[in-house]
Amino acid sequence: MGGRQNVLILPSQKARKLADYLKVAIFMHFTLGVLLFPSGRFMDGVVDLIGATIGYLAIKDPIGYSIQQVLCYTLFCGMVLFWAAIRTTLYFTGVSTDDAPGPAWQFYAYVGTLIAGPIIYTLGIVVGYQLYKELKLIVEELQQGLGGGGG
């Protein structure tokens, strides 16, 4: 089973700036993943830590960024935003309040992650997609320079 290697794209100045913004979003995503554990949402915490790791690995090398992993992180954020929006809506409409943990500190951590999650995921989607578009533009310029067209 063949496949393409994970190609690193030499970033432009704009891509480097977007990657800096994405690093902030990834840090926030990682922090959210850690805070999900004491709020009683263990599996959500594990999933978010995996997602933050994907984002970090996409831009960890300043020499080149992985366009495939940037897209993967962006799609991951879209997926968890969908589920977080459903969970938040169900909680605040009173349909599903059974998930809330008992002690007050744990309850506040739970509600805080419910509110912060969609904001952080949206930030990851917006910045990740902008970085993806910039890297895709670089790839298209390289293809044009090599005489290859999309075909």
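## Starting at Thr74

Set aside the neighbours within four places in sequence, and Thr74 is in contact with Ile125, Gly128 and Tyr129. This is a predicted model, so read every value here as computed. Thr74 itself sits in helix α3, and it counts as buried because its relative accessibility is 9%, under the 20% cut-off for that label.

What does the side chain of Thr74 reach at 2.8 Å? The partner is the backbone oxygen of Val70. Val70 also turns up in the largest nonpolar core, as one of the residues that touch the most other members.

## Thr88, also in α3

Helix α3 holds Thr88 too. Is Thr88 buried or exposed? Buried: its relative accessible area is 15%, and the label applies under 20%. Its side chain reaches the backbone oxygen of Ala84, at 2.8 Å.

Beyond the neighbours within four places in sequence, Thr88 has Leu114 and Pro118 as its contacts. Both numbers fall within the stretch given for α4 (104-145).

## Thr113 and its arginine

Over in helix α4 you find Thr113. With 5% relative accessibility, Thr113 counts as buried. Not counting residues up to four places away in sequence, Thr113 touches Leu32, Leu35, Leu36, Ser39 and Arg41.

One of those partners gets a polar link as well: the side chain of Thr113 makes a polar contact with the side chain of Arg41, at 3.1 Å. For a sense of distance, take Ala25, which is 88 residues from Thr113 along the chain. The C-alpha atoms of Thr113 and Ala25 are separated by 15 Å.

## The nonpolar cores

Now for the greasy part. The largest nonpolar core has 20 residues, and the ones touching the most other members are Leu22, Ile26, Ile59, Tyr65, Val70, Leu131 and Leu135. Two or more residues come from each of α1 (13-36), α2 (42-59), α3 (67-92) and α4 (104-145). Which helix gives the most to this core? That's α1, with six residues. Apart from this core lies another, made of seven residues, including Leu32, Val80, Ile120 and Tyr121. In soluble globular proteins, nonpolar side chains tend to be buried together.

Leu22 is a handy residue to click on in the largest core. Leaving out residues up to four places away in sequence, Leu22 touches Ile59, Tyr73, Gly124, Val127, Gly128 and Leu131. Gly128 is on the contact list of Thr74 as well. Leu32, from the seven-residue core, is among the residues that Thr113 touches.

## Zooming out

Step back, and the protein chain shows four helices and two strands. Reading from the N terminus, the order is β-α-α-β-α-α. The C-alpha atoms fill a box of roughly 65 × 30 × 30 Å along the principal axes. Of the contacts with a separation of 6 or more, 72% are between residues 24 or more positions apart.

How much of the chain is buried? The figure is 35% of its 151 residues. On the outside, the protein chain exposes about 9,000 Å², and carbon and sulfur atoms supply 68% of that. As for charge, there are 10 positive and 9 negative, and their mean positions are 6 Å apart.

Conventions: Residues numbered from 1 in each chain as written. Predicted model: local features only at pLDDT ≥ 70, side-chain atom pairs only at ≥ 80, totals over all residues. Heavy atoms only, no water. Buried < 20%, exposed > 50% of the residue type's maximum accessible area, 1.4 Å probe, protein only. Contact = heavy atoms within 4.5 Å. Areas by Shrake-Rupley, 256 points an atom, 1.4 Å probe, with all protein chains shown as cover. Lys, Arg positive; Asp, Glu negative; His and termini not counted. Charge placed at Lys NZ, Arg CZ, Asp CG, Glu CD. Core = buried A, V, L, I, M, F, W, Y, C linked by side-chain atoms within 4.5 Å. Polar contact = N/O pair within 3.5 Å; in protein donor to acceptor, adjacent residues only side chain to side chain.
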